[in-house]
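Visitor: I am new here and would like to be shown around. Could you explain what the words mean as we go?

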Amino acid sequence: MGDRFRLDGLTAVVTGGGGGVGAAGAEALAQAGADVVLIARNRAKLEAAAGSVEAQGRRAWIVEADVTDAASVKAAADQIAAEAGKVDILFNNAGVTSPKTLFDLPPEEFRRILDVNVSGAFLCAQAFAPGMVARRFGRIINMGSILSGRGMASRTAYSASKAGLANLGAALAFELGPHGVTVNTLGATVVVTDLNRELVRTQPELYGQVVKRTALGRLGELADLTGVLVFLASDAARFITGQTLYVDGGYTAG
Ligand SMILES: NC(=O)c1ccc[n+]([C@@H]2O[C@H](COP(=O)([O-])OP(=O)(O)OC[C@H]3O[C@@H](n4cnc5c(N)ncnc54)[C@H](OP(=O)(O)O)[C@@H]3O)[C@@H](O)[C@H]2O)c1
C-alpha cells in the first residue's frame, strides 16, 4: 500500500520552485522519490531549493524562466527535455498577489496577476502536457487557494486568478483525462511565506478573521500542503481529476 504513494522513477517540474511552497513541495516530491526540475526567475533561491532536493538523494535541475513568457517557457521545456528527459508531474506553483481593491488596483497590475497565476499555468501545461499525453501518464497540480472558490475583499485580482486557475484545471482534466493525465488544484489556506509575510504583519485583523473561521483554528504550515501535493502526484490519487482539494483546516467548510 505504501508504494502507491511513492514517486520513484518520476520527474517533476515545480514552477516558483525557489519560494516557500515551491521549495517545500520540491523537497517533499524528492523525499517521495521524484527527481525535480525547479523553475523561477531568481537563480540564487533556486540553488538553495535544489540543495534540499539533492539532500534527499534525488537529482535536481535549475531552469531560469518567466512563466508569463511563452518563448521563455518553450526554451525551458527544450532545456528540460535535453537535460532531464521526460516530465511526469507539473506543479504549477509560481504565483503573485496584490492586496488592492477594485478602486486602487491599476489595470496593468490586475493583468499581471492573472498573467502569472493563470496564463503561466496555461503556458506550462501547453509545454509539458504533450509529452505526458504521448506517454499516457501525467499529473498536473495547480497551486490554488481558499480563494479558488470564493472571494475576499482587497484580494480582487488574486481571487479572480485563483478561481480562473482552478477552472482551467477542470477544463484540462476533460481534455487530458482520455490520455491518462490528471489535473487538480490544491486549495490552500494562508501559509506565511515571502508572498504574504508583510501583509500578515500589517493586516492582523484580516488574517485573524481567517483563523477565526477556520475549523482547526490556525493558519496553515508548509507541511500541511506537501503531503497532499505528493498524494495528488501519486498512484493513490489516480482516479481524482478536475478537483479543487482544499487544504485549509476547514476554512471553506463554513
Ligand atoms: N502563501 C500562502 O498563503 C498561499 C496560499 C495559497 C496559495 N498560495 C500560492 O502558492 C504559490 C507559491 O507561493 P508562496 O507562498 O510560496 O510565495 P513565494 O515564496 O513568493 O513564491 C512564489 C514563487 O513564484 C515565482 N514566480 C513569481 N513570478 C514568476 C514568473 N513570472 N515566472 C516564474 N516564476 C515566478 C517566484 O520566483 P521568482 O520571483 O524568482 O521568479 C517564487 O519562487 C503561489 O501560487 C501562491 O498564490 C500561497
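**A walk through the model**

Guide: Let us start at Ser145, which sits in strand β5; strands (E, at least two residues) and helices (H or I, at least four) are DSSP runs, numbered from the N terminus. This is a predicted model, in which local features need pLDDT of at least 70 and side-chain atom pairs count only at pLDDT 80 or more, while totals for chains, interfaces and linings use all residues. Residues are numbered from 1 along each chain as its sequence is written, and side-chain values use heavy atoms, with hydrogens and water left out.

Visitor: Why does Ser145 count as buried?

Guide: Buried means under 20% relative accessible area, exposed means over 50%, and partly exposed is in between (1.4 Å probe, protein chains only). Ser145 has 4% relative accessibility, so it counts as buried. Its C-alpha atom is separated by 11 Å from that of Asn93, 52 residues apart along the chain.

Visitor: What makes Asn184 buried?

Guide: Asn184 belongs to strand β6 (residues 181-188). Its relative accessibility is 2%, and therefore it counts as buried. A polar atom of the Asn184 side chain lies 3.3 Å from the backbone nitrogen of Gly242.

Visitor: And why is Glu221 called partly exposed?

Guide: Glu221 is placed in the loop between α7 (204-212) and α8 (222-233). Its relative accessible area is 44%, so Glu221 is partly exposed. The C-alpha atoms of Glu221 and Val192 are separated by 7.5 Å, with their positions 29 residues apart along the chain.

Visitor: What makes Arg6 partly exposed?

Guide: The value for Arg6 is 36%, so the label is partly exposed. Arg6 is found in the segment before β1 (11-15). In sequence Arg6 and Val230 are 224 residues apart, yet C-alpha to C-alpha they are 8.1 Å apart in space.

Visitor: What is notable about the phi of Ser154?

Guide: Most residues other than glycine have a negative phi. Ser154 is a residue other than glycine, and its phi is near 65°, a positive value. Ser154 lies in the loop between β5 and α5, and because its relative accessibility is 13%, Ser154 counts as buried. Arg136, in the loop between α4 and β5, also has a positive phi, of about 55°, although it is not a glycine.

Visitor: How do you know which residues surround the ligand?

Guide: A residue is near a molecule if one of its heavy atoms lies within 4 Å of it. There are 30 residues around the ligand, and the closest are Arg41, Asn93, Tyr158, Val191 and Thr193. Each of α1 (20-31), α4 (107-135), β5 (138-145) and α5 (156-176) supplies at least two residues of this shell.

Visitor: What makes the pair of Tyr158 and the ligand a polar contact?

Guide: A polar contact with the ligand is a pair of N or O atoms within 3.5 Å. A polar side-chain atom of Tyr158 is 2.5 Å from an oxygen atom of the ligand, so the pair falls inside that limit. For Thr193, a polar side-chain atom also lies 2.5 Å from a ligand oxygen, and for Gly19 a polar backbone atom is 3.2 Å from one.

Visitor: How much of the ligand does the protein bury?

Guide: Taken alone, the ligand exposes 880 Å², and the protein buries 92% of that; such areas come from the Shrake-Rupley method with a 1.4 Å probe.

Note on methods:
Polar contact = N/O pair within 3.5 Å; in protein donor to acceptor, adjacent residues only side chain to side chain.
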